[in-house]
Amino acid sequence: MSTVLIDIRPACSRDAVGISKVHDEAWETAYRGIIPAVTLGKMMARRGPDYWSRLTARRGAGTMVLVFDGEVAGYATLGPNRVKRLAYGGEIYELYLMPTHQGIGLGRRVFREARKVLNANKLNGLVVWALEDNVQARQFYTALGGVEVARTIEPFGEAKLTKIAFGWT
Ligand SMILES: CC(C)(COP(=O)(O)OP(=O)(O)OC[C@H]1O[C@@H](n2cnc3c(N)ncnc32)[C@H](O)[C@@H]1OP(=O)(O)O)[C@@H](O)C(=O)NCCC(=O)NCCS
């Protein structure tokens, strides 16, 4: 019998290539057909290993990785809530898992760890934004107890897409 090791920990610059792979595969799967192709391509091109290397090297930048059997299989970025009119201390900016690792409870575990880190940094209460068209994300955040607290419309190339904020007090 073999044992799979699962670790959720702060990211370091050595994780940059792994995070970049997760980013590309997860974004491609989640947003193809929702965000116009040219715009999606440009958004993804801004995020290569160099981007993640810089981000993970920055102190207090709040990037966490999910390591599954020795490979980076997911990441989350987190920090202070950016929309001050919403009364939540913390925000998960991004939470993405490799498509092969979705749907088996790992997202729930990363979310829980991210929330602990925010609380430990005195950022109490938490908000996460998701595209309305991203049904999987909406169902996930709702299943984890998030409630809709705001909506906004944002341009993505020629498309105008609705973003929903989910809050946890
Ligand atoms: C959204 C995401 C982070 C969820 O992580 P996950 O590991 O797949 O989700 P989990 O297996 O931990 O699911 C937790 C709960 O969420 C709900 N859920 C998750 N995926 C779901 C889906 N596709 N349909 C319905 N409910 C779903 C379920 O209630 C589930 O609990 P259960 O398994 O006990 O029923 C992950 O699927 C992902 O990276 N998706 C693509 C990128 C993305 O959309 N990220 C969020 C951007 S805002």
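In this predicted model, Lys122 counts as exposed, because 8 C-beta neighbours lie inside 10 Å and the limit for an exposed residue is 12 or fewer. Lys122 lies in the loop between H4 and E5, just after H4. The phi of Lys122 is near 60°, a positive value in a residue other than glycine. Most residues other than glycine have a negative phi. A second residue with a positive phi is Asp69, where the angle is near 55°; Asp69 likewise is not a glycine. Asp69 lies in the loop between E2 and E3 and is exposed, because 12 other C-beta atoms lie within 10 Å, a count that meets the limit of 12 or fewer.

Helix H4, which precedes the loop of Lys122, spans residues 106-120. H4 has 15 residues and reaches 21 Å from its first C-alpha to its last, close to the 21 Å expected at 1.5 Å a residue. The buried residues in H4 are Gly107, Val110, Phe111, Ala114, Arg115 and Leu118. These residues are on the same side of H4, because they cover an arc of only 135° around the axis. The face turned away from this buried side carries the exposed residues Arg108, Arg112, Lys116 and Ala120. Packing of the buried residues of H4 involves several strands and one helix: strand E1 (6-10), strand E2 (63-68), strand E3 (71-80), E4, strand E5 (126-131) and H5.

Among the strands against which the buried residues of H4 pack is E2. Five of the six residues of E2 are buried, and the strand is thus mostly covered. E2 pairs with E1 in the antiparallel sense over five bridges, and in this pairing Val67 of E2 is the bridge partner of Asp7. E2 also pairs with E3, again in the antiparallel sense, over six bridges. Here Leu66 stands opposite Gly74 in E3. E2 and E3 form a hairpin with two residues between the strands, and Asp69, with its positive phi, belongs to this hairpin.

A further hairpin is formed by E6 and E7, also with two residues between the strands. Strand E6 covers residues 147-156, and strand E7 covers residues 159-168. The two strands pair in the antiparallel sense over nine bridges, and Leu161 in E7 is the bridge partner of Glu154. In the turn, Gly157 has a positive phi of about 60°. E6 is hardly covered, as the count of buried residues among its ten residues is zero. In a regular strand the side chains alternate between the two faces of the sheet.

The shell around the ligand holds 19 residues, of which Gln102, Gly107, Arg108, Gln139 and Ala143 come nearest. The elements that give two or more residues to this shell are helix H1 (16-31), strand E4 (90-97), helix H4 and helix H5 (135-143). H5 provides the largest share, with five residues. By residue class, the shell divides into eleven nonpolar, seven polar and one charged. Two of the residues that come nearest to the ligand, Gly107 and Arg108, are also found among those assigned to the two faces of H4: Gly107 is buried, whereas Arg108 is exposed on the face turned away from the buried side.

Two individual positions in other helices were also examined. Gly18 is found in helix H1, one of the elements that give two or more residues to the shell around the ligand. Gly18 is buried, because 22 other C-beta atoms lie within 10 Å and the limit for a buried residue is 20 or more. Leaving aside neighbours within four places in sequence, Gly18 is in contact with Glu71 and Val72. The C-alpha atoms of Gly18 and Arg115, 97 residues apart along the chain, are separated by 22 Å. Asp50, by contrast, lies in helix H3 (residues 49-57) and is exposed, with 10 other C-beta atoms within 10 Å. The C-alpha atoms of Asp50 and Lys160 are separated by 30 Å, and these residues stand 110 places apart along the chain.

Definitions and conventions:
Residues numbered from 1 in each chain as written. Predicted model: local features only at pLDDT ≥ 70, side-chain atom pairs only at ≥ 80, totals over all residues. Near = placed C-beta within 6 Å. Helix = DSSP H or I, 4+ residues; strand = E, 2+ residues; numbered from the N terminus. Nonpolar A, V, L, I, M, F, W, Y, C, P; charged D, E, K, R; others polar. Expected span 1.5 Å × (residues − 1). Arc of directions from axis to C-beta. Contact = placed C-beta atoms within 7 Å. Pairing = 2+ DSSP bridges.
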